[in-house]
Amino acid sequence: MTETQRIVKRIEQAARTAPSEEEVLAAHITEWLRGPKRQEMLTGARYYANDNDINYRQRLTVGEGGRLLEDTALPNRKVSHGFVRKLVDQKTQYLFGRPFTVSTDNAAFGRILQQTFDGALRERVKNLCREAVNKGIAWLQVWPEDGRLCFRKLPSEEVCPVWADGEHTSLNGLARVWQMECWEGSGRRMVTQVEYWDRERVRFYELKDGRLVPDPFCPERPHLTVDGLPQTLKTLPFAAFKYNEEELPLIRFIKPLVDDYDLLKSEDSSNLSDTSGAIMVLQNYDGTDLGEFRQNLQRYRAVKVSDNGGLAVREVPVHTADITAHLAQDRRDLYEIGRGVDTQNERLGQASGVAMRFLYADLDLDCSGIETQFAAGFAQLVRLAAELLLLMGQGDFTGENVRFIINRDMIINESDAIDGCVRSAGILSQQTILENHPWVVDAAAETARLEAEAGHKKEDSE
């Protein structure tokens, strides 16, 4: 056999043994489901709901042979603290607590955008920010229906992306994976459903024993059907909104501190309510064992002793000052690393001007990063909207520049922003000033009101 024939044989063998597209996708999804990134998303969601690890804490004692055993007789306080919820909501409200401004130089596109970014979508954007901070990344799906654009926020732990590049800026495919309850005969079972979008079509599977089995009830379909005709989108209809470039959730940075705070507070609370926090010296106990002694002491507040017997209690000091100092340091570290504002800070009520800006510096810095990442998500959303509007025959708006201006909800920002707008008169255009004014939601509508008022004044003067 010649060298050329051997090479051909190797190529043929490799082609026969190469995994199919479904096998590669199944392996990718299985790895993602079990991977640390998704587990961290679930942890972030748990801690946001104040379901911290401390809630599963056990009080352990040393049993026979040195083995650790759970002792349910010991007080076991489980004091969980909602630091994650407070920090996540603080960032979300700071950025999207006030309506943001959307504007473009194309009047027709501007009208469509104002109708599209209604109250429901603005609330979804706020929820996207909450999801992104909690889980590192958030996803918004877009589709046309009855001549208008519709949107849906997807749970991040259900979205397994297939990125086209290392920077995660474009998609080759996207799998949505979720659990669904199905009935079979008289029983029921949980089924892992997979909806997979690639650059050509949408396919539906059941993930079973690590394999993708085509769903017989959901045949593959095109991306869209417009006026009865199948349509293939240039860009998959999903926009990604990230907390940071690395897609790392807030819980990654603060979980050890939250756990330490919860544990120390719970231990302190348990010790304060535990009579075993003292050492008991027992003489001539008239009973069978120490377990009975503890039960009698707890139930009757008394114990029975023989002649010349007695019970002496030696208190074990509780180092309250040390505990308080440690908790205070944990709290300071939490708000520093979590980049938030501690509302229990005594300086907050007395601060103003530059001092207030200093207290908000970490929160403002983190939110600036979120705003940069969300700008990329908004750009994806605008491109998708333009492509879908073109398919629906509502105009070609591809390449149009759209501006998103976030009105941050900081105590001093409003007055400073208004003063800045007033000082900018004659330097900047009226449109730019209105877009950056904290009270203005729709700059075009505000311009129309100003023109109407000017017209009325002119009529009155005449």
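1. Start with helix α6. Twelve of its 17 residues are buried, so the rest of the structure largely encloses α6. Keep in mind that this is a predicted model. Buried here means under 20% relative accessible area. The buried residues include Leu 121, Val 125, Leu 128, Cys 129 and Val 133. Charged names appear in that list too, among them Arg 122, Lys 126, Arg 130, Glu 131 and Lys 135. Check each of these names in the viewer.

2. Next, the length of α6. The helix covers residues 119-135. At 1.5 Å a residue, its 17 residues should span 24 Å, and the end C-alpha atoms are 24 Å apart, so the two values agree. Just after α6 comes Gly 136, with a positive phi of about 95°.

3. Now the open sheet. Five strands build it, in the order β6-β7-β8-β9-β10, and their pairing is antiparallel. Which strands sit at the edges? They are β6 (159-163) and β10, and each pairs on one side only. From one strand to the next, the twist averages 35°.

4. Look at β9 within that sheet. The strand runs over residues 202-208, and six of its seven residues are buried, so β9 is largely enclosed by the rest of the structure.

5. Take the β8 side of β9. Strand β8 (residues 187-197) runs antiparallel to β9, and six bridges join them. One pair to find is Thr 192 with its bridge partner Leu 207 in β9. The two strands form a hairpin, with four residues between them.

6. Take the β10 side of β9. Strand β10 (residues 211-214) is also antiparallel to β9, through four bridges. Glu 206 has Val 213 in β10 as its bridge partner. Lys 208 stands opposite Arg 211. How many residues lie between the strands in the hairpin of β9 and β10? There are two, and Asp 209 in this hairpin takes a positive phi near 55°.

7. A helix lies across this sheet. Helix α2 (residues 21-34) crosses β6, β7 (171-184), β8, β9 and β10. Relative to β9, α2 runs at about 60°. Rotate the view to see both.

8. Strand β3 is worth a separate look. It spans residues 101-104. Thr 101 and Ser 103 point one way, while Val 102 and Thr 104 point the other way. Are these residues buried or exposed? All are buried.

9. The partner of β3 is far along the chain numbering: β16, residues 402-405. Four bridges join the two strands, which run antiparallel. Within this pair, Ser 103 has Arg 403 in β16 as its bridge partner.

10. Last, empty space. The structure holds one cavity of 30 Å³ or more. About 50 Å³ of space lies in the largest cavity. Its lining includes Leu 113, Thr 116 and Phe 117, along with Leu 149 and Phe 151. Phe 378, Leu 381, Val 382, Ala 385 and Phe 404 also line it.

11. Which elements give two or more residues to that lining? They are α5 (107-116), β5 (148-154) and α11 (361-391). The largest share, four residues, comes from α11. To inspect the cavity, begin with α11, the source of that largest share.

Key. Residues numbered from 1 in each chain as written. Predicted model: local features only at pLDDT ≥ 70, side-chain atom pairs only at ≥ 80, totals over all residues. Heavy atoms only, no water. Expected span 1.5 Å × (residues − 1). Buried < 20%, exposed > 50% of the residue type's maximum accessible area, 1.4 Å probe, protein only. Pairing = 2+ DSSP bridges. Axes fitted to C-alpha atoms, helices over the stretch in contact; angles between N-to-C directions. Contact = heavy atoms within 4.5 Å. 1 Å grid on protein atoms, 1.4 Å probe; cavity = no way out; pocket = protein on both sides within 12 Å on 5 of 7 lines; lining within 4 Å. Points joined across faces, edges and corners; volume = space filled by probe spheres on them.
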